[in-house]
Structure formats: C-alpha cells, structure tokens
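Got a few minutes to walk through a model together? Have a look first, then we'll talk.

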Amino acid sequence: MFFSRSIFSFKKPSYLLLAVLFFLNALVIQNTYAQTVVTENGRLQVKGNTIVNKNDKPVSFAGNSLFWSIAHNASNFYNAETITHLAKNWKTSIIRASMGVKEQWDSGKGYIESPDFQKQRIKTIVDAAIANGIYVIIDWHSHDAENYQKEAITFFTDMAQTYGSNANIIYEIYNEPIHQTWREVKAYALPVIAAIRAKDPDNLIVVGTPQWSQDVNIAARNPIEDANLAYTLHFYAGSHGQILRNKAQIALDNNKALFVTEWGAVNADGNGTINKGETKKWLKFLKKNHISHVNWAVNDKDETSSIINVGKGKAGLLNNDLTASGEFIKEIILKWSAK
Ligand code: MG
C-alpha cells in the first residue's frame, strides 16, 4: 500500500509533463498541416531574373492551366472540385484560369459580350485556389487583346480591387500575341498595368510576348518599367527546343524574369505524340532557372494535350481517367519541388 502510493506520487508529475508534451506536439503537427504553399511562400516577387518567395528564396511552381473558359464544356472544369482535386492529388501549386475574351466561336459567351458570366466563372476558380492555399493566374486569354484594352482595364481593376491583397494572385494580361509587334503589345499593356497598380501595388504581373509568347528576347531588350513584372514564355516540347531556349536565355541574360503560363509535352497545335526527351530538357532548363510552369490543359477534348480522356468530364479527372499526357504531366507536377 505504502509502496504503491509512493510510486503514484512519484509518477504524477511525469504524467502531467507527458500530457503537456503531447498537447504541444499535437499543436505543432496541426500547424504543419495548416501550412499551405501560399502561407509558406507568400507574395511572389521578381528579383533580377528570378522570382523569389517572401524569404527572398528563388522558387518555381508547377501546375495546370484550365482550358478556354468559353469552351462548350468549360463548366465541367471551372468549379471548386476540380481545383481541390488538383491541389490535393496532383500537388498542383498553381492554377491558371483562362478567360476567353472574344473569339468567333464563343457563341456570345466571352467576356466582351458576357462580362458578368465570365467574371463569375473566373472568381469561382480564384476563390477555390485561395481556399486551397495555391497560386492562381488570372489570364486574359486572347490573341488580340489590344482590341479590348478598355474592357481589360475594367476587368483587371475589378480583380485587383477584389483580390489584390491576396498573395495567391498573379495577373496575366495578354495570353498570346501572334502577329503583333512588341511595341503594340507594350502600348496595350502599359495602361492595363497602371490600372492594376492603382488598386494593387505589388502582386506579380505577367505580360505576353510576340509570336505566341515566344519572343521574350525582344521584350527583354525593351522592357516595361514595373517593380514586379515577368515575361510570358510558352513552349510545346513536340515543336520547340533549343532555339526557343536560346531566346529564353537571352531574356534571362538581360536580367528579366520569365513565367511559363502555358506549356505542353506535345505539338504546339495541341496534338501529336508526347516528346519525353525534349520535355526533359525543358524541365531541366526551368529547374535551373527557377521558372514556374503551368501545363495546357485541364480538358477532355479530343486532342493529345488534354489530360482527361475524351468526354469524361469532371468525373474523369476525379477518377483518374487520364490520357497519356495526363499520366505524364501528373508525375511531373507531383515530383516538382518549389526550391
Ligand atoms: Mg497586392
């Protein structure tokens, strides 16, 4: 009796200590899980020719681009479930919402004719990205944005006002100029950038470059003055190799930061077979230079760049009903580390 009581009185403080340690440990574990990509890295900032996180460390992120928001089946993928699935199961750390502006085939659903409809579609994706703690690119997905500068100013002013205080947000103000000169692109871009900066002084802005966002070398030689701006580089490994990487290298050598808001492992027209060898060279280049990259596209259209099998919709994504591109890209994104 005496013996057991003495044991008890001796052990009592130890049990208490253990309980406290257990509680503290649980708190640490909880905080570890609460950390998201964006809380860990904060607002992205251009520093020289790299993009750095809140601790001034060069970082690059890997993720997916949604297909045109004006596509007939866009509602399958412009929803929170798609974003949550990619963030949780693919470890996608950046998503791109590709807002169709005005295309001949848009049936009046583009931003120019249906601004509220499109804005809501994009906000659904932005809100889902924020909820999942990942980055989101708000993409003015146009090949002739200079024709819609006034509308771009209205749209981006609204986005900057609504979301400018969120570290998650990246503005992409011109997807792909084609025949336009850099001078023309710049004339479009400057007032749009000024409108964003009036509401949001500091989030990253990405600007498209001539020739389907390939002539980053030309843009780099006549840059836009802004403290947090990168230039868009697009590549498709089935069509583009060392010649395009040389252009990218010129931009980097001119101390300009690049952002791959769109790329594919197949041909530039969205078809053809996967070029694994050239993709590997591209990924090595991106890793070396800390360049973020976003794959085209989250879609189930009958083309080889689609990540989901034809006609399978959102359920196809959720059930891993993936194309060869889908399987290949998923592996790349899952294995990518930001640092
Ligand atoms: Mg801001």
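What follows is a short chat about this predicted model.

Visitor: How much confidence does the predictor have in the protein, and what pLDDT does it average?
Guide: This is a predicted model, so confidence is a fair place to start. Of the residues, 90% score at least 70. Taken over the protein, the pLDDT averages 94.

Visitor: Which element has the lowest mean pLDDT?
Guide: At the top end sits strand S6 (residues 169–172), with a mean of 99. At the other end, the mean drops to 58, and that belongs to helix H1 (residues 2–34). Over residues 1–10 the pLDDT is below 50, and that stretch has zero contacts beyond near neighbours in sequence. So the element with the lowest mean, 58, is helix H1.

Visitor: Which residues are the protein donors of the magnesium ion?
Guide: Along the chain, the donors follow the spacing G-x35-D-x1-D-N. They lie 2.1 to 2.3 Å from the ion. By name, they're Gly-164 (O), Asp-200 (OD), Asp-202 (OD) and Asn-203 (OD1).

Visitor: Is Asp-202 buried or partly exposed?
Guide: Buried means under 20% relative accessible area, and exposed means over 50%. Asp-200, at 1%, falls under that lower cut-off, so Asp-200 is buried. Asp-202 comes in at 27%, between the two cut-offs, so Asp-202 is partly exposed.

Visitor: What does Asn-217 touch, leaving out residues up to four places away in sequence?
Guide: Asn-217 sits in helix H8 (residues 216–221). With a relative accessible area of 10%, Asn-217 is buried. Its contacts, with those sequence neighbours left out, are Lys-247, Ile-250 and Ala-251.

Terms used
Residues numbered from 1 in each chain as written. Predicted model: local features only at pLDDT ≥ 70, side-chain atom pairs only at ≥ 80, totals over all residues. Heavy atoms only, no water. Helix = DSSP H or I, 4+ residues; strand = E, 2+ residues; numbered from the N terminus. Buried < 20%, exposed > 50% of the residue type's maximum accessible area, 1.4 Å probe, protein only. Contact = heavy atoms within 4.5 Å. Donors = N, O, S within 2.8 Å, 3.2 Å for Na, K, Ca; no water. pLDDT = per-residue confidence, 0-100.
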